[in-house]
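Please look over the sequence and the model shown here before reading on. The paragraphs after it go through one strand with its partners, and then through one loop residue.

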Amino acid sequence: ITTTSSASSGTYSLTVNNLATETKIVSEGYASTTSELNDETGRVKVTVGTASATITIDSTNNTLDGLRLAVNNLGFDIKAAFLNDGSDTDPVRLLISGTQTGSSGAVTMSWLHDTFYPSEGIDFTTTQAAKDASFVIDGVSIRKSSNTVTDVINGAALKLQSAGSGTISLSTDTDAITTKVSDFIEEYNEVSLFLDEQLELD
């Protein structure tokens, strides 16, 4: 918890039901990063929040690395990287991660099948869904897209780290106030002394 000077003293009960998460998607396994995809041509639809795009698979990008580059070049809040699961055969997978937590940034990946000439596509599995943080403060249920919450308790920023419950205690920083008052008095005295000296010179 971090606070600003506008925070007031108080005690709050906090229960965190779940943290905000980003989407995690993995592809089926391939022998290497340069392995050709299951079909020479096809299309992959990528949706991130309200934005979507279709990647056309052709001779220029028909490898696992080609698809990785195509996903990263979309300019969406998404990151594609390789994951080696250690399998004896086909250990290399494409890991697609949303870069924003919360349900509004949910990511989906799907192979588009042609109605007349259906082709074997790429299997994608969602291993982690995008969720909003869900928590309760003093009996009030709250949902936020981020685990850093700055607009619930005035002057306090909460950084949610795990599910659980506890108590938040805020107290006024009297030492900081005293220091500021002392600094003001010292500066005032210095200015007064300077003015007195200038008047004596006149």
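What follows is an explanation of selected local features in a predicted model.

A convenient place to begin is strand 4, which spans residues 42–48. Of its 7 residues, 5 are buried, and strand 4 is therefore largely enclosed by the rest of the structure; a residue is counted as buried when its relative accessible area is under 20%.

Strand 4 is paired with strand 5, residues 51–57, in an antiparallel arrangement joined by 7 bridges. Within this pairing, Lys-45 of strand 4 stands opposite Thr-54 of strand 5. The two strands form a hairpin with 2 residues between them, and in that turn Gly-49 adopts a positive phi of about 65°.

Strand 4 also pairs with strand 8, which covers residues 107–112, and here too the sense is antiparallel, with 6 bridges between the two strands. In this pairing, Val-44 has Trp-111 of strand 8 as its bridge partner.

A separate point of interest is Ser-8, which lies in the loop that links strand 1 (2–3) and strand 2 (10–18). Ser-8 has a relative accessible area of 46% and is therefore classed as partly exposed, since that class lies between the 20% limit for buried and the 50% limit for exposed residues. Leaving aside residues up to four places away in sequence, Ser-8 touches Asn-154 and Leu-170. Ser-8 and Leu-170 are 162 residues apart along the chain, yet their C-alpha atoms are separated by 6.9 Å.

Terms used:
Residues are numbered from 1 along each chain as its sequence is written. This is a predicted model: local features need pLDDT of at least 70, side-chain atom pairs count only at pLDDT 80 or more; totals for chains, interfaces and linings use all residues. Side-chain values use heavy atoms; hydrogens and water are left out. Buried means under 20% relative accessible area, exposed over 50%, partly exposed in between (1.4 Å probe, protein chains only). Helices (H or I, at least four residues) and strands (E, at least two) are DSSP runs, numbered from the N terminus. Two strands pair if DSSP finds at least two bridges between them. Contact means heavy atoms within 4.5 Å.
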